[in-house]
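I am opening a notebook page on this chain and will record what I looked up, going from the whole chain to its helix pairs and then to a single loop residue.

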Amino acid sequence: MAVREVRPGVYSVGAIDWDRTIFDELIPLPEGTSYNSYLIKGSESTALIDTVDPEKTHILMDNLDEIGVERIDYIIANHAEQDHSGSIPAILERYPEAVVVTNAKCKAFLMDLLHIPEEKFNVIGDGDELSLGDRTLRFILTPWVHWPETMSTYLVEEKILFTCDFFGSHIATSDLYAKGNYEVYSGAKRYYAEIMMPFRAAVRNDIKKVEVLDIEIIAPSHGPMYKDPQFIIDAYKDWTSDEVANEVVIAYVSMHGSTKRAAERLAGALIERGITVKVFNLPTADLGELAMALVDAATVVIATPTVLSSAHPMAIYAAHLVNALRPKLKFVGIITSYSWGGMAVQQLQGCLGSIKPEVLEPVMIKGNPRDEDMKRIEEFANEIFKKHEQIGIIDKKSGGE
Ligand code: FEO
């Protein structure tokens with residue numbers, strides 16, 4: 001339980017989840033997370049912005065008790081996902097006068113996911129305002145900063161923008177504000193990569209919509225708030241831009257070491273050519289780290305042995321992940337190790353249908369790599385270097401010449 005006053009009459013009343021280790025049964029949370037909820041007292045009405053995961057409803061309730069909240073008029077639902085909306089039914093039960101304020105899409109989702117009755121909603125549109133008396137909430141639809149119904153809420157008089165997942169980070173911290181931007185940068189980038197990267201063009205539009213506001217604080221519903229909004233806005237502009245970096249992600253799986261030797265040789269050869277390399281051994285890799293590495297990389301190389309005539313399932317998983325996250329990468333390389341044949345290359349190419357990168361000539365290695373195979377890996381590194389040179393991303397200062 002921890003209530004903090006952000007501004008007079010504006011409170012942080014959410015919950016820190018120090019123990020959570022996975023989200024959506026998919027995304028590792030190495031730093032836990034938080035479900036931020038904010039209470040705003042106006043001269044006439046009180047609003048609660050987002051709630052918390054149902055597991056933490058009791059903390060939200062205790063926090064509301066601590067500041068003596070007897071009435072809530074509006075529950076603002078910026079996003080229907082249950083980590084923010086899941087406590088709405090409990091809040092409605094305790095504060096029966098409250099209505100849920102959200103957009104039409106979010107209302108439909110909340111009715112499906114939480115069975116909230118239709119009469120409990122007040123539907124708003126893009127740019128609409130809601131008066132709390134001496135304070136005003138303005139709603140800005142920011143679709144696809146996770147789901148299609150996501151929106152942000154701007155507290156006009158205090159210049160606070162409540163953004164839910166947008167600009168958030170899965171970080172459990174007692175810090176109310178991001179302290180030293182470096183600490184939050186990678187958490188925020190990781191979160192962007194995991195849930196927003198597939199919708200990069202939409203996110204770019206959302207940034208344009210919110211950056212015209214006069215913002216003093218960005219208050220997301222995961223992780224710390226930002227007193228320096230431009231820092232996180234600029235980071236998002238960078239991640240969502242079309243610029244790629246002189247970086248190669250190598251994602252590999254190896255059963256008896258042949259593929260590992262090829263992947264390691266490629267990594268060494270690329271490093272010698274001044275290219276930044278991020279290597280992931282798929283069976284033990286953190287998917288969030290892999291997603292984060294995909295935000296900037298110009299090239300991804302997937303290296304796999306052949307199992308029952310197929311690419312290894314972990315390699316197929318990685319290819320599906322790349323396809324689903326739709327990073328802005330330009331080139332894909334494939335290395336396969338085989339003994340008597342197989343369809344690994346065609347399979348992996350088939351998994352990448354939605355991103356359509358340029359697929360480089362694959363390197364197929366029969367058995368344990370021999371000297372001539374290692375030479376082909378060196379040539380493959382040369383090819384990647386040339387491709388990076390062609391698109392103008394070789395940084396000569398970092399050793400690319
Ligand atoms: Fe934090 Fe998309 O929910």
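Entry 1, the whole chain. I take contact to mean heavy atoms within 4.5 Å. With that in hand, and bearing in mind that this is a predicted model, I looked up how the contacts are spread along the sequence: of those with a separation of 6 or more, 73% are accounted for by residues 24 or more positions apart. I counted the elements next and noted 12 helices and 23 strands. The C-alpha atoms fill a box of roughly 80 × 45 × 35 Å along the principal axes. Of the 401 residues in the chain, 58% are buried, while the area that the chain exposes comes to about 16,600 Å², with 50% of it supplied by carbon and sulfur atoms.

Entry 2, helix 8 and helix 12. I asked at what angle helix 8 and helix 12 cross. Helix 8 spans residues 258-272 and helix 12 spans residues 371-390, and their axes cross at roughly 45°, coming within 9 Å. That angle makes helix 8 oblique to helix 12, because an angle counts as oblique when it falls outside the roughly parallel, perpendicular and antiparallel ranges. I noted the crossing of helix 8 and helix 12 as right-handed. On the helix 8 side I listed R261, A262, R265, L266, A269 and L270, which meet M374, I377, E378, F380, A381 and I384 of helix 12. Sorted by class, this contact of helix 8 with helix 12 holds nine nonpolar and three charged residues, with no polar ones.

Entry 3, helix 9 and helix 10. I then turned to helix 9 (residues 287-294) and helix 10 (residues 313-325), whose axes lie 11 Å apart and pack at an angle of about 50°. Helix 9 is therefore oblique to helix 10, and it passes helix 10 in a right-handed crossing. From helix 9 the contact draws on L287, L290, A291 and L294, and from helix 10 on Y317, L321, V322 and L325. I found eight nonpolar residues in this contact of helix 9 with helix 10, and no polar or charged ones.

Entry 4, L329. Is L329 buried or exposed? L329 has a relative accessible area of 7%, so I count it as buried, the cut-off being under 20%. L329 sits in the loop between helix 10 and strand 21 (331-338). Leaving aside neighbours within four places in sequence, I listed its contacts as V244, A297, A298, V300, V322 and P357. For A298 I also looked up the C-alpha to C-alpha distance to L329, which is 4.5 Å, although 31 residues separate the two in sequence. V322, another of these partners, had already appeared in the helix 10 part of the contact with helix 9.

Notes: Residues are numbered from 1 along each chain as its sequence is written. This is a predicted model: local features need pLDDT of at least 70, side-chain atom pairs count only at pLDDT 80 or more; totals for chains, interfaces and linings use all residues. Side-chain values use heavy atoms; hydrogens and water are left out. Axes are lines fitted to C-alpha atoms, for helices over the stretch in contact, and angles run from 0 to 180 degrees between N-to-C directions. Helices (H or I, at least four residues) and strands (E, at least two) are DSSP runs, numbered from the N terminus. Angles under 35 degrees count as roughly parallel, over 145 as roughly antiparallel, 65 to 115 as roughly perpendicular and the rest as oblique. A crossing is left-handed if the near helix is turned anticlockwise from the far one by less than a right angle, and right-handed if clockwise. Ala, Val, Leu, Ile, Met, Phe, Trp, Tyr, Cys and Pro count as nonpolar, Asp, Glu, Lys and Arg as charged, and the others, Gly among them, as polar. Buried means under 20% relative accessible area, exposed over 50%, partly exposed in between (1.4 Å probe, protein chains only). Accessible areas come from the Shrake-Rupley method with a 1.4 Å probe; for residues, only the protein chains shown count as cover.
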